[in-house]
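User: Please take a close look at the nonpolar interior of this protein chain, and set it against the charged pairs and the surface around it.

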Amino acid sequence: LELEHRRDRTAGVVQRHEMVMDAFSVAENFELAEHDVCVCVLPFFHVNAQYTSFFPMLGYGGKLVLFEKFSASRFWPVVQEHQATYVSVVPSLLTRLLAAGLPEKKAWASLRFIICGAAPLAADLHEEFMEKTGIPVANGWGMTETGCWGCQMKPSAITHGAMGYPL
């Protein structure tokens with residue numbers, strides 16, 4: 001593990017091959033398989049996109065749909081078009097989706113769950129999103145330096161305002 005802190009360059013974290021195994025513990029936690037379809041709305045420089053979307057779909061042979069840039073108005077149509085089974089987001093995207101207004105339930109009927117991380121997920125936002133959509137939002141916690149995830153919820157055992165259990 002190497003960290004670099006310089007004022008004239010962006011900090012970087014070396015991701016060792018062993019750390020990629022974290023992506024597979026996430027995949028096991030969510031019971032991902034080759035039939036899964038993930039819509040990746042986060043940029044690839046973000047470790048969440050790599051470990052929660054890219055590596056699991058690459059490793060299990062699922063389908064990965066990439067967004068060039070997040071758009072609340074395009075999100076639900078893309079989920080519906082590709083019959084996405086899961087997405088990984090940061091809390092601010094849940095806020096943006098609620099603010100943009102929710103479409104008919106058929107737009108998200110294929111989603112088994114949403115993974116959320118990278119910032120604190122307020123209990124009231126967590127509860128509101130799940131109440132309005134019925135989609136389990138599995139919150140988690142982790143650090144880039146440890147391979148992304150340290151704790152994660154199972155979609156079947158959601159606790160609002162919590163970060164889940166150690167993986």
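Analyst: What follows begins with confidence and then moves from the interior outwards.

This is a predicted model, and the mean pLDDT of the protein chain is 87, with 89% of its residues reaching 70 or more. Among the elements, helix α4 has the highest mean pLDDT, at 98, and strand β1, residues 3–6, has the lowest, at 42. Over residues 1–6 the pLDDT is below 50, although this stretch still has 14 contacts in the model beyond its near neighbours in sequence.

The largest nonpolar core has 33 residues, and those with the most contacts inside it are V39, V41, W76, L111 and F129. At least two core residues come from each of β3 (37–40), α3 (72–82), β5 (86–89), α4 (91–100), β6 (113–116) and α5 (123–133), and of these contributions that of α3 is the greatest, with five residues. V39 gives a view of the packing from a single side chain's position: leaving aside neighbours within four places in sequence, V39 is in contact with V65, F67, V78, V79, A84, Y86, V87 and S88. Apart from this core lies another one, of 18 residues, and V47, M57, Y86 and M153 are among them.

Turning to charge, the count comes to two salt bridges. In one of them D36 pairs with R112, the closest N and O atoms being 2.9 Å apart. This pair links distant parts of the chain, since D36 sits in the loop between α1 (17–29) and β3 while R112 sits in the loop between α4 and β6, 76 residues apart. The two partners differ in exposure: D36 has a relative accessible area of 1% and is therefore buried, falling under the 20% limit, whereas R112, at 33%, counts as partly exposed.

The other salt bridge joins E128 to K132, again with the closest N and O atoms 2.9 Å apart. Both residues lie in helix α5, four residues apart, which is about one turn of the helix. E128 is partly exposed, with a relative accessible area of 33%, and K132 also counts as partly exposed, at 49%.

On the surface, F44, F54, L58 and L66 make a nonpolar patch of about 380 Å². Of these residues, L66 is found in strand β4, residues 63–66, and L66 counts as exposed because its relative accessible area of 51% is over the 50% limit.

Definitions and conventions:
Residues are numbered from 1 along each chain as its sequence is written. This is a predicted model: local features need pLDDT of at least 70, side-chain atom pairs count only at pLDDT 80 or more; totals for chains, interfaces and linings use all residues. Side-chain values use heavy atoms; hydrogens and water are left out. A nonpolar core is a set of buried Ala, Val, Leu, Ile, Met, Phe, Trp, Tyr and Cys residues joined through side-chain atoms within 4.5 Å. Buried means under 20% relative accessible area, exposed over 50%, partly exposed in between (1.4 Å probe, protein chains only). Contact means heavy atoms within 4.5 Å. pLDDT is the predictor's confidence in each residue, from 0 to 100. Patches are made of residues with over 30% relative accessible area and no salt bridge: like charges are joined within 9 Å, nonpolar side chains (Val, Leu, Ile, Met, Phe, Trp, Tyr) within 5 Å. Accessible areas come from the Shrake-Rupley method with a 1.4 Å probe; for residues, only the protein chains shown count as cover. A salt bridge is a side-chain nitrogen of Lys or Arg within 4 Å of a carboxyl oxygen of Asp or Glu.
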